[in-house]
Amino acid sequence: MAAYAAIVSLMNTINQIEHHPSPPISIHKQQLESLTQIVTFLQEFLESYKSPVADGDEADPLEMRIADAAHAVEDVIESHIVDKLQPRRSKRIADAANAAEDAIESHIVDKLQLRRSKKAKIDTAEADEQINFYQDRLQQVIEEMNVIKKEAMENELGRSMSPNEEFLQGYVVDAAHAAEEVNSREEVSCINFYQDLQQVIEEMNVINKEAMETSAEAQLQRKVSSTHAGSLTSSSTVKESMMVGFDDVQLQLLDWLTGGNRNRQIIPITGMGGIGKTTLARHIFEHALVKQHFDICAWTTISQTYNVRETLREVLKQVSGDSRDDLSDENELGEKLHKYLWGRRYIIILDDMWSVEVWDKMRFFFPDYNDGSRVIVTTRLANLAAKLTDSNSIGMRFLDDVCSWSLFSKTVFGDGGFPLHLEEIGKKIVGKCKGLPLSIAVIGGLLAKSELTLEYWEHIEENLSSVVNSENDEYWLRVLKLSYDHLPAYLKPCFLYMGMFGEDKRIGVSELMRLWVSEGFLKPNINKSSKTIAKEYLKELVDRNPILVHELGKLGNIRCCKMHDLVRDLCLKEAEKQRFYYVLGQDCPRGINSQRRIVIPRSTSAMTVQDAMETMSSRARSFICHADTVPELLDFRFLRTLSTYNGWYSKGYLDENVFQMVNLRYLSARFRSGFQIPSSISLLWNLHTLFVSCKGKPTTAPVEIWKMHQLKHVEFEESIMFKYAGYGMYLPDPRSGHSDVMMENLETLKGVLDFNLNEEVVKRIPNIKKLRIKYTNKVMDRVKCLSYLHCLSKLESLTCIIDNGCEECLQSISFPHSLKKLHLQCGKFDLEEILEKIGSLPLLEKLYLEYGFFATGRWEIVDGQFPSLKYLKMHGCMNMECWTLEGSCLPCLEQLELRYMKSLEEFPSEIGEIPTLKSIELWDCSESMVVSLKKIVKEQEELQGDPSFHVLVQSLFVSQELQSLATPNFRVARKF
């Protein structure tokens, strides 16, 4: 919903100005109160508003007016910010300022040298003070010229001036006059800002009143539409009558239905729209065994706008045949239903449930007297299933290639044979349906009624997405759109935004959540951080099934997600309708110059990009470029989100002018070799995320970066190459005593070279959670800096890479007890010196030790060490010949990975006794260690059957002896 996104974005912009420690502008108190009141009402209005034209091809006029009005307010506010931080200086102002800078610097230096060479009497302290003043205020010389003018005249009062001094004063006076002109313009600018803001506030007031008048009508419309809510879903038995590929699931469900458990059971069937939940439930409902086993069978559709009374009446009608409508009270209907069900074994299908509340209101009307009654619930919400039961449930999966082809063939040709000349193109069409039963059935139904020519089928294959989307009233699109329509307003912008990622694109969760924050999609909550809110939004989207979890991290966290292609098509269609974002290459009926978010797909040619840039709006707020070619961004001063970096293989580079975009919140870009971040970066008053990559040698950040209060995530070339080459960035020490700016928002700092941790630095980053640093052999003067790590009391993740020759840094390392993840690349350091420290960390869950050695050849983990460790990885740690475990160490270990541990000959037998262990991986380790591990597995099999963990052994050379050890639970593979 573009309107809701615009309103919440405006709310975030206002909050950020109001709570910024050094806001670039101020908003008049009365205007601020008016804006807050209007925005709060419109946000609440949109959260409950149901558009009367949601199923149409055009956006809701009221929603678009709200979005446009909110955008207009942001335009006024951010234009004023640009004017304040980027004053338009005339050539005279610039020349006078530059000349004054040069004159002041050269005159002071020459004056001191001249006087000292002549041994003239001079107040040296006063001269030094002038030099320091120049150094500290050089960047602000234009604004301070009036002060300089006054001081210069006072200092020269009562004595004649030399020609040099008259020369200096002339420039200072000229610059001061120019500064007065700037001050006068700023006064006019403030007046214009107030008037412009007042005008857009009045426009929002008009819309606000209209929204209040519309609210009652919208509620009435919802009541009318709710009476027809079940019609779409109930027709699914016609559209999805054929079930292919779920025989095993059906057998499992039949077993649960007719098995020995006598208690009434709730069995949820979950999955995304169109995946076959209702089809499975219908087949079970009509199965002969079910009809024979149960005395009563009833089916009803709940839908998102449920009506408990109507639901109970429908079930009662099927149970008793009583269709009278004289019982108006829910309790009366429920009690009557309870009487009919009592003493009979029943199965009730509650199709398309969206809320646990409806079950809570009806559950007591379905008796449980230990006769094996069952209630099947179909739902798209995985979290709802967990609330209904903690036992049996079924999660529907996508069809594999064989089942997809079988369903497609039966849909198009029934029991007849598939024409050979169409088989190849048919399989391409099926492949584009990606295993979603509904899409296969819809495309198959289309082709079943079409001409059986190769040309037509090729046309369908080439234009599958457009054909699928061409008919707005197509059943499948309405089904998928149900998931979107029923999303809460606060989730809709986040969901639609995911469609801008490429087809089948793995979407990194961390990047996605930071982009949500940058776009202003997250509703502010003073009790929660933006990261916490983003995680909650993501979890809710996953639970609701419109997005898919693609990859989990080692500790079970979601690392990547994906969208089914057809769901993404829905996102693109809705985004186009609401002008939410524009993906270059698609039709843009309203013109690209009206778009506030621009997306450049990866396959876009340089010429296409350049042509589009000529008509692109200079007031665009987001520019996401996935293509290799990055266009020149000349006049995009209002950008808030700029992402052009797509990994270390990126070929496109940005220029320094991006640091003139003072409203940037998210910057991810690659720059050319030798690039230095300018000091003007400190003008980016609201920058949250900074991701910088420089080709070639490392670069250096300006000291002004320490002034940036809002920074949350700073990463310099986050790639695997950072470990092995000179990638990253040097971060200078903050100026001592210059200003005690606390970077309280900074949570992530990665890619820093030779980071000089000291008391001053750790004081400025008290809330850092993720730190990735590297030390080279050039910084032996910083051997004690890692001792300050313990001062970072909120640090959760640390990666520390030590070059050979710099191992002395590790001798003083001191870890904070808050640490949960630790990766140490130790060079040639004796690991035994620090493993006791690491083992005592109470919250450590993930440990990755890389290189280093064991001086005594032994690692003994004693009782109580590593109390929370879940994942342990060791890579190339030399001279570890003996490994022993004592007592209850490693009680939570789930995954163990050893790579290139050639010295270790035998696995500790106690490993097999860890109850939480799930997997062990060995890469190029000694054969004797593999054999000893196989012995442990056999012992576990003799004691308890199949062990709780599985083993994967990989090696460049797999001998016959190793291969003979292989079993389904003990895999042996050659590593390529």
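**Exercise 1. Sort out the burial at the Asp248 pair.**

Asp248 has a relative accessible area of 46%, so Asp248 counts as partly exposed (buried is under 20%, exposed over 50%, partly exposed in between, with a 1.4 Å probe and protein chains only). Before going on: this is a predicted model, where local features need pLDDT of at least 70, side-chain atom pairs count only at pLDDT 80 or more, and totals for chains, interfaces and linings use all residues. Residues are numbered from 1 along each chain as its sequence is written, and side-chain values use heavy atoms, with hydrogens and water left out.

Next, the partner: Asp248 makes a salt bridge with Arg397, closest N and O atoms 3.2 Å apart (a side-chain nitrogen of Lys or Arg within 4 Å of a carboxyl oxygen of Asp or Glu). Asp248 sits in helix 10 and Arg397 in the loop between strand 5 and helix 17, 149 residues apart (helices are DSSP runs of H or I, at least four residues; strands are E, at least two; both numbered from the N terminus). Finally, Arg397 is at 37% relative accessibility, so Arg397 is partly exposed too.

**Exercise 2. Work out what the Asp75 pair ties together.**

Start with the distance: the closest N and O atoms of Asp75 and Arg596 are 3.4 Å apart, in a salt bridge. Now place them: Asp75 is in helix 3 and Arg596 in the loop between strand 9 and strand 10, so the pair ties together parts 521 residues apart in sequence. Check burial: Asp75 and Arg596 are both buried. Last, widen the view: a network of salt bridges links Glu74, Asp75, Glu78, Arg596, Arg621 and Arg640.
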